Amino acid sequence: MTTSYLNLIPDFDLSARNTLALKARSRWGAILEATDQVPALFALARERGLPLRVLGGGSNVVLSADFAGITAVVATTGRAVIAQTEDHVLVEAAAGETWHDFVVWTVEQGFGGIENLAGIPGTVGAAPVQNIGAYGAEVADVFDSLVAFDTLDKTLKTFTATDCAFAYRDSVFKREAGRYVVLSLRLRLPRPWKPNLRFAGLAELMDQPALDPRTVMDRVLYLRGSKLPDWRVTPNAGSFFQNPIVTLDEAAPVLAAFPTAPNFPQTDGRTKLSAGWLIEQSGLKGFRMGRAGISERHALVVVNLGDADAGDIAALAAHVKATVKARFGIALHEEPVFL
């Protein structure tokens, strides 16, 4: 089978390919528009002795100013209804599809199941890597399977939910970063649809007559827009810190001092605390450090104040973690990957 043509772009500018708008360049770039280009590009990189990294929408990364290898941008497209039964609809999308557009497409087809995840930036291929979640839902809830290229044994592999080892903002793809390149994703959307209104701000829809996925999606987008800065206006990478899941002993001093602090018991006996609350209580909401800062609208969001680089972001993140640790004894961890 003939492989689709590969074109390497010299001195590849990535400044507009990351939502933090960090100035970044790669020695070479490649736009992957066909799945067969993925193994071919890895073979080419090995042949030339060049490091290779793969980028989706650039929404969950902090890019260094210069990269001496090849940066490949996944731009494959395609989405389809694979099967429909009485209890589910199976939908598939290529990894390069924009995640939000995929969510809107499912809703327009009359299918519910991922409307709570509307508005999350990035690509379909990145969604299972991070097990993206919002408003009481996550990708793992409706995951069916995915196909990925294994860069070690150079084969295509199909992953079930068990294979993916999903956890809170985590998966095997994140734990073995760089090994797998997601090529396509299948989701099993439930029938009949039942709205997920557990999250604050959505419960008020419960009594609304003729509630449908579009109404829930529109409400989610309204809530996101009211709380989070738009990365296209104020460059950011969304929620920058994970909500810490800690033991009861670790949470006890916080909850004793602040009985109303947000906390969410977990099935394993631990407790999830709100990173945004911890940061805000540490006096860091709206804090600025050089060319980077914490959003005045949401304490979880790190923003580029203008011409920031990876060093600026890393310094600010370190300051936030140290301040929260000193104030509450709780360790925070970043969600974005530093590349």
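The exercises below, each with a worked solution, concern a predicted model of a protein chain.

**Exercise 1. Overall form**

Determine how many helices and strands the protein chain has, and decide how its radius of gyration stands against the globule rule.

Solution. Begin with the count of elements: the protein chain has 9 helices and 20 strands. Next, take the radius of gyration, which is 21 Å, and set beside it the 20 Å that the globule rule gives for 339 residues. The two values are close, and therefore the chain is as compact as a globular protein of that length. Finally, for the extent along the principal axes, the C-alpha atoms fill a box of roughly 65 × 55 × 35 Å.

**Exercise 2. The sheet of 5 strands**

Work out the strand order of the open sheet of 5 strands, and say which strands stand at its edges.

Solution. The order is S6-S7-S12-S10-S11, and the pairing is antiparallel. From this order, strand S6 (79–84) and strand S11 (155–159) stand at the edges; each has a single partner strand, so one side of each is left without a neighbour in the sheet. Neighbouring strands of this sheet are turned by 20° against each other on average, direction ignored.

The pairs can then be followed from the S6 edge. S6 and S7 pair in the antiparallel sense over 5 bridges, and a hairpin of 3 residues joins them. Strand S7 (residues 88–94) is in turn joined to strand S12 (residues 180–190) by 7 bridges, again with the strands running antiparallel. Glu92 appears in both pairings, since its bridge partner in S12 is Arg186, while Glu92 is itself the partner in S7 of Ala80. Helix H2 (residues 99–108) packs on the sheet, where it touches S6, S7 and S12, and its direction makes about 45° with that of S6.

At the other edge, strand S10 (residues 143–150) and S11 run antiparallel and are joined by 5 bridges, with Leu156 in S11 as the bridge partner of Phe149. The hairpin of S10 and S11 has 4 residues between the strands, and in this hairpin Lys154 takes a positive phi near 60°.

**Exercise 3. The sheet of 3 strands**

Find which strands stand at the edges of the open sheet S14-S16-S15, and identify the bridge partner of Asn263 in S16.

Solution. The sheet has antiparallel pairing in the order S14-S16-S15. Strand S14 (245–246) and strand S15 (263–265) are therefore the edge strands, each having a single partner strand and one side without a neighbour in the sheet. S15 pairs with strand S16 (residues 271–273) in the antiparallel sense over 3 bridges, and within S16 the bridge partner of Asn263 is Leu273.

**Exercise 4. A cavity and a pocket**

Describe the volume and lining of the largest cavity, and then those of the second largest pocket.

Solution. A search of the whole structure finds 1 cavity of 30 Å³ or more, and the largest cavity has a volume of about 30 Å³. Its lining consists of Ala34, Thr35, Val38, Val74, Thr76, Val181 and Leu183, which divide into 5 nonpolar, 2 polar and no charged residues.

Turning to the second largest pocket, about 210 Å³ of space lies within it. The pocket is lined by 15 residues, of which Asn243, Pro244, Ile245, Arg270 and His333 are the closest to its centre. By class, this lining has 8 nonpolar, 4 polar and 3 charged residues.

How values were computed:
Residues are numbered from 1 along each chain as its sequence is written. This is a predicted model: local features need pLDDT of at least 70, side-chain atom pairs count only at pLDDT 80 or more; totals for chains, interfaces and linings use all residues. Side-chain values use heavy atoms; hydrogens and water are left out. Two strands pair if DSSP finds at least two bridges between them. Helices (H or I, at least four residues) and strands (E, at least two) are DSSP runs, numbered from the N terminus. Axes are lines fitted to C-alpha atoms, for helices over the stretch in contact, and angles run from 0 to 180 degrees between N-to-C directions. Contact means heavy atoms within 4.5 Å. On a 1 Å grid over the protein atoms alone, a cavity is a set of points where a 1.4 Å probe fits but cannot get out, and a pocket is an open set with protein on both sides within 12 Å along at least five of seven lines; lining residues have an atom within 4 Å of a point. Grid points are joined across faces, edges and corners, and a volume is the space filled by probe spheres set on the points. Ala, Val, Leu, Ile, Met, Phe, Trp, Tyr, Cys and Pro count as nonpolar, Asp, Glu, Lys and Arg as charged, and the others, Gly among them, as polar. The radius of gyration is taken over C-alpha atoms; the globule rule is 2.2 Å times the number of residues to the power 0.38.
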